[in-house]
Amino acid sequence: MLASLVACLAGGGLILWSVTRVWTVEVEQRTGLPELRTEQTGADLHPWLVGLALVALAGAGVLLVARGPVRRGLGGLISVVGTAMAAGAVVAWAGAASGVWPGGALLGSAVVVLGGVLAARHGDQWSGMSARYERSTSTSVPVVNSPASDTRAAWDALDRGDDPTA
């Protein structure tokens, strides 16, 4: 479970870092003027990569609270998200983008896919959160008869060492 969570968090973080770096630089030569440089980040070129990276990060958090088949399904969804991010990084790297940052996005998406596959494959075997804080299904409420007799009974229970509120 820890490996899957770390993979989703690290991969999503690497993708977010990579898409905020400069992927392309366009230089326009102008006669008699200095050259004009236009820099574009990965988020400028492919803004949907940011959204998918946030989905991967949020998915890591949901993996903690989900159980059984839901956790496995979420792992499959995270794998699909990682695959979509990898496709975007490959398209960017093959296109006009240059440098190492599309490769960083590709590496991050591969790590997210790995985390998703681990969750999809073994997620139902991991322990879930404790049921200690879940709402109980019983709705038994103590019945109060009259204030005078109830007060006396409560004091008598305290004298015996019992907890009258339980």
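Trp17 comes out as partly exposed in this predicted model, with a relative accessible area of 45%. Arg21 lies over the face of its ring, 3.8 Å from the ring centre. Beyond this spot, the briefing looks at the nonpolar core, the salt bridges and two buried residues, Ser79 and Gly123.

**The tryptophan pair**

- The count of aromatic pairs comes to one, and Trp17 and Trp101 are the partners.
- Their arrangement is edge-to-face, with 6.5 Å centre to centre and 70° between the planes. That angle is over 60 degrees, so the pair gets the edge-to-face label.
- This pair ties together distant parts of the chain: Trp17 belongs to helix α1 (residues 2–19) and Trp101 to helix α5, 84 residues apart.
- Trp101 is partly exposed too, at a relative accessible area of 28%, because partly exposed runs between the 20% and 50% limits.

**The nonpolar core**

- The largest nonpolar core has 20 residues, and the ones touching the most other members are Ile15, Trp23, Leu63, Ile78, Met85 and Val112.
- Four helices, α1, α3 (48–65), α4 and α5, each put in at least two residues of this core.
- The largest share of the core is from α4, which gives six residues.
- Take Ile15 as a way in: setting aside residues up to four places away in sequence, Ile15 touches Leu49, Ala53, Met85, Ala105, Gly108, Ser109 and Val112. Two names on that contact list, Met85 and Val112, also sit among the core residues that touch the most other members.
- As background, nonpolar side chains tend to be buried together in soluble globular proteins.

**Ser79, a buried serine in α4**

- Ser79 lies in helix α4 (residues 68–94).
- Relative accessibility is 11% for Ser79, so this serine counts as buried.
- With neighbours within four places in sequence left aside, the contacts of Ser79 are Val113, Gly116 and Val117.

**Gly123 and its surroundings**

- Gly123 is in the loop between α5 (101–122) and α6 (147–160).
- Despite the loop setting, Gly123 counts as buried, at 0% relative accessibility.
- Its contacts, not counting residues up to four places away in sequence, are Gly68, Arg71, Arg72 and Leu118.
- C-alpha to C-alpha, Gly123 and Met1 are 7.4 Å apart in space, although 122 residues separate them in sequence.

**Salt bridges**

- There are four salt bridges in the structure; here are some of them.
- Arg72, one of the residues that Gly123 touches, forms a salt bridge with Asp124, with the closest N and O atoms 3.3 Å apart. The pair links distant parts of the chain, as Arg72 is in helix α4 and Asp124 in the loop between α5 and α6, 52 residues apart.
- Both ends of that bridge are partly exposed: Arg72 has a relative accessible area of 35%, and Asp124 has 38%.
- Glu39 bridges to Arg37, the closest N and O atoms being 3.4 Å apart. Glu39 is partly exposed at 46%, and Arg37 is partly exposed at 48%.
- Asp162 pairs up with Arg160 in another salt bridge, again with 3.4 Å between the closest N and O atoms. Asp162 is partly exposed at 41% relative accessibility, whereas Arg160 reaches 59% and counts as exposed. The label for Arg160 changes because exposed starts over 50%.

Methods: Residues are numbered from 1 along each chain as its sequence is written. This is a predicted model: local features need pLDDT of at least 70, side-chain atom pairs count only at pLDDT 80 or more; totals for chains, interfaces and linings use all residues. Side-chain values use heavy atoms; hydrogens and water are left out. Buried means under 20% relative accessible area, exposed over 50%, partly exposed in between (1.4 Å probe, protein chains only). Contact means heavy atoms within 4.5 Å. Rings of Phe, Tyr and Trp (its six-membered ring) pair if their centres lie within 6.5 Å; planes under 30 degrees apart count as stacked, over 60 as edge-to-face and the rest as tilted. A charge sits over a ring if NZ of Lys or CZ of Arg is within 6 Å of the ring centre and within 35 degrees of the ring normal. A nonpolar core is a set of buried Ala, Val, Leu, Ile, Met, Phe, Trp, Tyr and Cys residues joined through side-chain atoms within 4.5 Å. A salt bridge is a side-chain nitrogen of Lys or Arg within 4 Å of a carboxyl oxygen of Asp or Glu.
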